[in-house]
Amino acid sequence: MDYWLLGFIFLAGAITFTMATLTAGGGALVLVPIVNYLAGPGIAAPILNTGNLIGRPVRIIIFWKDINWKATLFYVPAAMTGAFLGAMLFSTLKIDWLQIIIGLFLVSTIWQFSWGKKKKSFQMKYSYLLPLGFLISILGTIIGGLGPVLNPFYLNLGITKESLIATKTANSFFMGLAQIGSYAYFGLMSTEVIYPAIALGLGISVGSYFGKLVLKRVSDQSFRKWVILFMVISGLLMLYQGITAL
């Protein structure tokens, strides 16, 4: 067991998820290249999704009273189904073009929301979360983290700040159960995945606690600006990864 590797992954999880709490997610997406480098690209997605699952109960407890259960009811059933399909496709589907398309969508949010001045950019209904959950869970299971992609849809439902983070965490927890079960079913879990995932999960828990302390001091408009900034940065990162991998 490489304790230095586990220590670096713990620290990366703590720092990233402190910041990710202020930007409504995206910590896993930032961690994709880090975990790719530290542990290897072949097991990055299972480590990220398993580590996230370990850290989510703490986030759920911290943000419990802010969860929008209506959104969870629409999102979760389709997302759990999509997670199984994503695990089945994990080792066969080429993700480079997917990353480019998703990256372009994320970068476009700076114009969609006029840099945080607009509260909504398109009409969104709770029923749209059904197909959205199915699609995002497939892509997230394959790539390893797509948190920022959901932010425009939740913002357009009027879900923001603590409620946005809480609802995304609850939805992701149930989807994560399906992801881990699917990884195990298809033989993708091993000690190379489990130990780094535990270290990551502990780091995520620590980062979530400190992130909420800072979030209380942030206004709604500032929060939207941070969310948009992080979506754009995440999109540029995904574009770079997708283009360089072609």
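Two residues are in contact when heavy atoms of theirs lie within 4.5 Å. With that in hand, let's start at Ser208. Keep in mind as you look around that this is a predicted model.

**Ser208 and its surroundings**

Ser208 is found in helix 9. Its relative accessible area is 0%, so Ser208 is buried. Who does it touch? Setting aside its neighbours within four places in sequence, Ser208 is in contact with Phe17, Thr21, Arg59 and Ile62. Tyr3 is another story: Ser208 and Tyr3 are 205 residues apart in sequence, and their C-alpha atoms are 23 Å apart in space.

**Two lysines**

Just past helix 9 (191-215) there's a loop leading to helix 10 (220-245), and Lys216 lies in it. Lys216 has a relative accessible area of 57%, so it counts as exposed. Leaving out residues up to four places away in sequence, Lys216 touches Lys161 and Glu162. Along the chain, Lys216 and Lys161 are 55 residues apart, while their C-alpha atoms are separated by 9.1 Å.

Lys161 itself belongs to helix 8 (residues 161-185). Its backbone has a positive phi of about 50°, although Lys161 is not a glycine. Is Lys161 buried or exposed? Buried, because its relative accessibility is 10% and the cut-off for buried is under 20%.

One more lysine is worth a look: the charged end of Lys212 sits over the ring of Phe63, 5.0 Å from the ring centre.

**Rings that pair up**

The structure holds 7 aromatic pairs. Here are two of them, with their geometry:

| Pair | Centre to centre | Angle between planes | Kind |
|---|---|---|---|
| Phe74 and Tyr126 | 6.2 Å | 35° | tilted |
| Phe173 and Phe174 | 5.6 Å | 70° | edge-to-face |

Why is the pair of Phe74 and Tyr126 called tilted? Because its planes stand at 35°, and that falls between the limits of 30 degrees for stacked and 60 for edge-to-face. This pair links distant parts of the chain: Phe74 is in helix 4 (residues 69-89), and Tyr126 is 52 residues away, in the loop between helix 5 (96-112) and helix 6 (129-143). As for accessibility, Phe74 comes out at 25%, so it counts as partly exposed. Phe174 also counts as partly exposed, because its relative accessibility is 30%.

Ring pairs also join Phe105, Phe122 and Phe153 into a cluster.

**Helix 4 against helix 6**

Two packed helices are described by the angle between their axes and the distance between the axes. For helix 4 and helix 6, the axes come within 6 Å and cross at roughly 35°. The crossing is right-handed. On the helix 4 side, the contact includes Ala71, Phe74, Tyr75, Ala78 and Gly82. Helix 6 brings residues including Leu129, Leu130, Gly133, Phe134 and Ser137. Phe74, then, plays a part in this contact as well as in the ring pair with Tyr126. What sort of residues make up the contact of helix 4 with helix 6? They divide into 16 nonpolar, 6 polar and no charged.

**Helix 7, mostly covered**

Last stop: helix 7 (residues 147-155), where 9 of the 9 residues are buried. Among them are Gly147, Pro148, Asn151 and Tyr154. Phe153 is also one of the buried residues of helix 7, and you've met it already in the cluster with Phe105 and Phe122.

Terms used:
Residues numbered from 1 in each chain as written. Predicted model: local features only at pLDDT ≥ 70, side-chain atom pairs only at ≥ 80, totals over all residues. Heavy atoms only, no water. Phe/Tyr/Trp six-rings, centres within 6.5 Å; stacked < 30°, edge-to-face > 60°. Helix = DSSP H or I, 4+ residues; strand = E, 2+ residues; numbered from the N terminus. Buried < 20%, exposed > 50% of the residue type's maximum accessible area, 1.4 Å probe, protein only. Lys NZ or Arg CZ within 6 Å of the ring centre and 35° of its normal. Axes fitted to C-alpha atoms, helices over the stretch in contact; angles between N-to-C directions. Left-handed = near helix turned anticlockwise from the far one by under 90°. Nonpolar A, V, L, I, M, F, W, Y, C, P; charged D, E, K, R; others polar.
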